[in-house]
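Here is a friendly walk through one protein model, from its cysteines to its salt bridges and empty spaces. Keep the structure open beside the text as you read.

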Amino acid sequence: MANYFNEEFETLPRAALEALQLKRLQATVARVYANVPFYKQSFDAAGIKPEDIRSLTDLQRLPFTTKQNMRDSYPYGLFAAPMEEIVRIHASSGTTGKPTVVGYTQKDIETWSELMARSFMAAGAHKGDIIHNAYGYGLFTGGLGAHYGAEKLGASVIPISGGNTKRQIMIMQDFGSTVLTCTPSYSLYLAEEAAAEGVDIKSSKLRVGIFGAEPWSEAMRGEIEANLGLDAIDIYGLSEIMGPGVAIECIEEKHGLHIWEDHFIPEIINPETGQPVAEGEKGELVITTITKQGIPLIRYRTRDITSISYAPCACGRTHGRIARMSGRSDDMLIIRGVNVFPSQIESILVRIEGVEPHYLLIVDRKDNLDTLEVQVEVDERIFSDEIKVLQTLARRIEKEIKDMLGVTCTVKLVEPKTIQRSEGKAQRVRDNRKL
Ligand code: DLL
């Protein structure tokens with residue numbers, strides 16, 4: 001028998017769950033129509049009124065919401081609650097210079113904490129655990145999201161955040177951490193550093209790892225479990241929808257991530273046509289939030305590729321399961337847990353004198369850490385300059401990218417016309433990571 005944080009809601013029979021979804025959807029649609037001019041305009045343009053939503057399938061009549069829509073209403077335009085009600089603001093990467101901003105009311109923070117607490121329980125964590133939270137604290141939702149959830153669960157949380165790996169290893173051993181939360185790639189890096197320090201992390205008290213915020217694979221799960229000696233659980237989420245804890249695997253099955261359907265309605269669509277695909281078929285995940293107050297989103301295009309299954313699960317939870325994310329329908333990269341769009345790098349490059357708009361991003365993974373090389377053409381004049389001038393320019397670009405995007409890279413300046421031109425869509429990225 002599984003351990004639930006909220007047994008009633010986690011195991012609601014599907015008919016009751018769907019009835020609850022419809023009620024909450026109707027309330028959300030009415031609220032955004034009344035409070036957010038963007039939704040009023042887009043529903044009016046589609047010729048649909050809140051009263052027209054009479055069944056869950058009517059949801060499909062509503063227009064999608066995209067990251068671009070969020071960008072157009074930067075920073076607070078899509079908020080449905082007055083600023084006095086907003087107690088927290090987070091942000092994630094936008095496609096160009098400006099981030100995507102989200103706001104939470106007190107109630108939103110409570111909901112998020114509960115969903116993270118549920119996620120912890122589903123992953124096999126419980127009160128009494130010592131949770132080593134190495135997700136970054138800050139505008140990124142990982143750190144604080146897991147933190148509040150761990151407290152709600154009643155566990156002891158160590159707010160270690162990211163970085164300073166040697167210290168992490170010491171603290172983990174000395175404090176007796178039983179649960180590790182971080183990106184999957186960082187867990188492997190931790191294991192490797194521990195080994196280099198002569199620490200046998202496998203014989204530590206760690207029992208469960210809750211890993212997400214970037215794509216990983218079954219092969220990586222095997223490697224993490226072998227190197228760290230724990231159960232590795234996949235957790236999914238995105239800032240726009242809430243942060244971590246939108247969906248999680250249960251430890252009983254480790255097969256698909258339960259998406260908390262009493263708060264979110266998932267759809268899987270064909271990213272080209274926008275039409276729903278059949279159960280079990282791959283497509284883009286679209287999520288509608290049905291309890292959020294700060295920034296409810298209707299049919300948000302996550303760009304993440306997965307499939308969904310409503311088959312009963314051994315853990316007893318009735319919420320559908322999404323498959324491990326298998327890619328994205330856009331060009332967003334996740335480099336050491338930081339979301340990066342090539343267009344963001346481009347917008348930095350084009351502002352720099354002497355730099356041509358021809359570039360290539362080479363992503364790799366060395367010793368379990370992501371690396372990014374930015375190759376960019378410079379004009380003839382600069383290229384024939386002294387090496388020192390070129391080096392100074394390269395360092396300057398690296399710094400601007402680090403300052404603006406938070407990602408470390410090496411910049412390689414190349415001769416004009418050396419980056420391959422393409423006849424169709426430019427190939428800006430070479431991702432050599434094998435997950
Ligand atoms: O990454 C929230 C999060 C924090 C999730 C901690 C899990 C753990 P964002 O920074 O907005 O939010 O990035 C969201 O990251 O659309 C996916 O492309 C990717 N992503 C998140 N979790 C997974 C996962 C957080 N388990 C974007 N597998 C999403 C694959 C994931 N990709």
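## Cysteines without a bond

C250 is a buried residue, and its relative accessible area is 0%. Please keep in mind that this is a predicted model. The closest cysteine sulfur to that of C250 belongs to C313 and lies 3.7 Å away, too far for a bond. C313 takes part in no disulfide either, its nearest cysteine sulfur being that of C315 at 3.7 Å. Like C250, which is buried, C313 counts as buried, with 10% relative accessibility. How many disulfides does the structure hold? The count is zero. A disulfide needs the two sulfur atoms within 2.5 Å, and the sulfurs of C250 and C313 are 3.7 Å apart.

## Salt bridges

Salt bridges are another matter: the structure holds 33 of them. Three pairs are set out here.

| Pair | Closest N to O distance |
|---|---|
| D234 and R324 | 3.5 Å |
| R396 and E400 | 3.7 Å |
| D403 and K399 | 2.7 Å |

Start with D234 and R324, whose side chains meet in a salt bridge. Which parts of the chain does this pair tie together? D234 sits in strand β7 (residues 231-238), while R324 is in the loop between β14 (321-322) and β15 (327-328), so the bridge ties together parts that are 90 residues apart in sequence. Are these two residues buried or exposed? Both D234 and R324 are buried.

Helix α12 (residues 387-405) holds both R396 and E400, four residues apart, or about one turn of the helix. R396 is partly exposed at a relative accessible area of 40%, and E400 is partly exposed at 23%.

The pair D403 and K399 also lies in helix α12, with four residues, about one turn of the helix, between their positions. Here D403 counts as exposed, at 54% relative accessibility, and K399 is exposed as well, with a relative accessible area of 52%.

Beyond these pairs, a network of salt bridges links E214, R365, D370, D431 and R433.

## Annotated domains

Two domain features come from an unreviewed UniProt entry. UniProt places "domain: AMP-dependent synthetase/ligase" at residues 81-288. Over residues 81-288 the chain is 31% helix and 28% strand, and the C-alpha atoms at the two ends are 17 Å apart. D234, in strand β7 (residues 231-238), falls within the 81-288 range of that record.

The other feature, "domain: AMP-dependent ligase C-terminal", is placed by UniProt at residues 337-433. Over residues 337-433 the chain is 32% helix and 34% strand, with 14 Å between the end C-alpha atoms. Helix α12 (residues 387-405) lies within the 337-433 range given in the record.

## Cavities and a pocket

Now for the empty space inside the model. There are three cavities of 30 Å³ or more. The largest cavity holds about 80 Å³ of space. Its lining is made of 13 residues, and D108, T111, M242, T291 and K292 are the closest to its centre. Helix α5 (residues 106-122) gives the largest share of that lining, four residues. By class, the lining of the largest cavity divides into seven nonpolar, four polar and two charged residues.

The second largest cavity has a volume of about 40 Å³. Among the residues that line it are M70, S73, Y74, P75 and I295. Its lining has seven nonpolar and three polar residues, and no charged ones.

M70 deserves a look of its own. This residue is placed in helix α4 (residues 67-72) and is buried, with a relative accessible area of 5%. M70 and E85 are 15 residues apart along the chain, and 20 Å separates their C-alpha atoms.

Last comes the second largest pocket, with about 380 Å³ of space. Which elements give two or more residues to its lining? They are α2 (14-35) and β10 (264-269), and β10 supplies the largest share, four residues. In total 18 residues line this pocket, and Q60, I265, P266, E267 and Y310 lie nearest its centre. The lining of the second largest pocket comprises ten nonpolar, three polar and five charged residues.

Note on methods: Residues numbered from 1 in each chain as written. Predicted model: local features only at pLDDT ≥ 70, side-chain atom pairs only at ≥ 80, totals over all residues. Heavy atoms only, no water. 1 Å grid on protein atoms, 1.4 Å probe; cavity = no way out; pocket = protein on both sides within 12 Å on 5 of 7 lines; lining within 4 Å. Points joined across faces, edges and corners; volume = space filled by probe spheres on them. Nonpolar A, V, L, I, M, F, W, Y, C, P; charged D, E, K, R; others polar. UniProt positions renumbered as here; feature names shortened; annotations may be inferred. Salt bridge = Lys/Arg side-chain N within 4 Å of Asp/Glu carboxyl O. Buried < 20%, exposed > 50% of the residue type's maximum accessible area, 1.4 Å probe, protein only.
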